[in-house]
Amino acid sequence: MQNNTFSTLFVGQNTVTLSIVDSTNDYLKNLLSKSAPLPEGTVILAEEQFAGRGQVNNAWLSDPGKNLTFSLLLTPSFLDPEKQFLLNKVISIAINDTLVQIIGADVKIKWPNDIYFKDKKLGGVLIENILRGNKWKYAVVGIGLNINQIEFTSSVKNVTSIKKILHKDYDKASLLNHLCTAIEKYYLQLRSGNSEWLDNQYLQNLYRINEWHSFTIDGHVIDGKITGVNKNGMLELFSQDKTRTYSFKEIAFVI
Ligand code: BTN
């Protein structure tokens with residue numbers, strides 16, 4: 001355990017740094033199931049993950065020592081689990097806001113919570129919720145961001161990193177500090193009930209909103225325009241004179 005000099009109240013104040021682990025999300029979930037309660041805001045940071053996980057059972061590949069791979073513990077018990085997409089918004093807005101200050105306004109949130117620079121993926125978020133009854137007990141927020149890696153396996157398409165954009169190394173520790181500060185700021189907005197403001201921030205920074213693009217639905221390519229995201233986190237797409245909503249597994253962007 002390490003106490004940081006982060007200028008936050010709780011996010012990142014208790015940081016555990018591991019040189020190698022299967023997945024920081026799994027490590028944190030395992031700690032929660034076994035040991036004494038951990039303080040909210042605890043961060044598990046790994047130099048290397050050998051079984052990093054992405055969304056929909058994809059692997060998260062990241063060269064050792066080059067990128068940020070960490071998991072953050074939050075306890076949003078004040079929030080109805082039905083509103084859990086608001087936490088996805090908090091985290092993606094915070095990452096987006098932090099990165100815009102480093103690499104500019106081309107950083108966007110690709111629904112539901114990927115982080116894109118122009119048409120390339122810079123990072124992703126995997127939030128795993130632990131509920132007890134109908135109450136939200138823990139959220140394990142896994143964040144992977146490509147920082148200083150410039151070569152990627154050919155199986156990973158449309159990917160970039162801060163170094164590929166800025167053409168120089170970026171200080172990972174300072175970025176983590178800024179991310180923790182931003183996450184805390186937006187999480188406190190959620191705690192204060194400012195969900196409408198968070199909805200607006202999310203939509204303002206959403207990749208391809210209100211633009212015509214192609215999407216794949218049921219194996220067919222269609223043209224449509226993203227008009228919003230509903231309370232359950234489903235994508236609202238206007239196409240063929242109608243707005244329909246889609247879950248993550250039902251629709252893919254054509255990039
Ligand atoms: C995605 O875009 O598919 C989500 C990627 C999430 C990766 C991070 S890295 C830290 C944490 N530990 C994991 O195993 N996954 C998340």
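Visitor: In this predicted model, how many residues surround the ligand, and which are the closest?

Guide: 20 residues surround the ligand, and the closest are Ser23, Gln49, Arg53, Gln55 and Lys121. To be counted, a residue needs a heavy atom within 4 Å of the ligand.

Visitor: What makes the pair between Lys121 and the ligand a polar contact?

Guide: The cut-off is 3.5 Å between N or O atoms. An N or O atom in the Lys121 side chain is 2.6 Å from an oxygen atom of the ligand, so the pair counts as a polar contact. For Gln55, a backbone N or O atom lies 2.7 Å from a ligand oxygen. In Asp114, an N or O atom of the side chain is 3.5 Å from an oxygen atom of the ligand.

Visitor: How much of the ligand does the protein bury?

Guide: Taken alone, the ligand exposes 420 Å², and the protein buries 98% of that. The space taken by the ligand is the largest pocket.

Visitor: Which strand gives the most to the shell around the ligand?

Guide: Strand 7 does, with 4 residues. Helix 1 (24-34), strand 4 (68-74), strand 7 (120-132) and strand 8 (135-145) each supply at least two residues of this shell. By class, the shell has 5 nonpolar, 12 polar and 3 charged residues.

Visitor: Why does the radius of gyration of the protein chain agree with a compact globule?

Guide: A compact globule of 255 residues would have a radius of gyration near 18 Å; the protein chain has 18 Å, so the two agree. The chain holds 5 helices and 13 strands, and its C-alpha trace spans about 55 × 45 × 30 Å along its principal axes.

Methods
Residues numbered from 1 in each chain as written. Predicted model: local features only at pLDDT ≥ 70, side-chain atom pairs only at ≥ 80, totals over all residues. Heavy atoms only, no water. Polar contact = N/O pair within 3.5 Å; in protein donor to acceptor, adjacent residues only side chain to side chain. Areas by Shrake-Rupley, 256 points an atom, 1.4 Å probe, with all protein chains shown as cover. 1 Å grid on protein atoms, 1.4 Å probe; cavity = no way out; pocket = protein on both sides within 12 Å on 5 of 7 lines; lining within 4 Å. Sits in = over half its atoms within 2 Å of the grid points. Nonpolar A, V, L, I, M, F, W, Y, C, P; charged D, E, K, R; others polar. Rg over C-alpha atoms; globule rule 2.2 N^0.38 Å.
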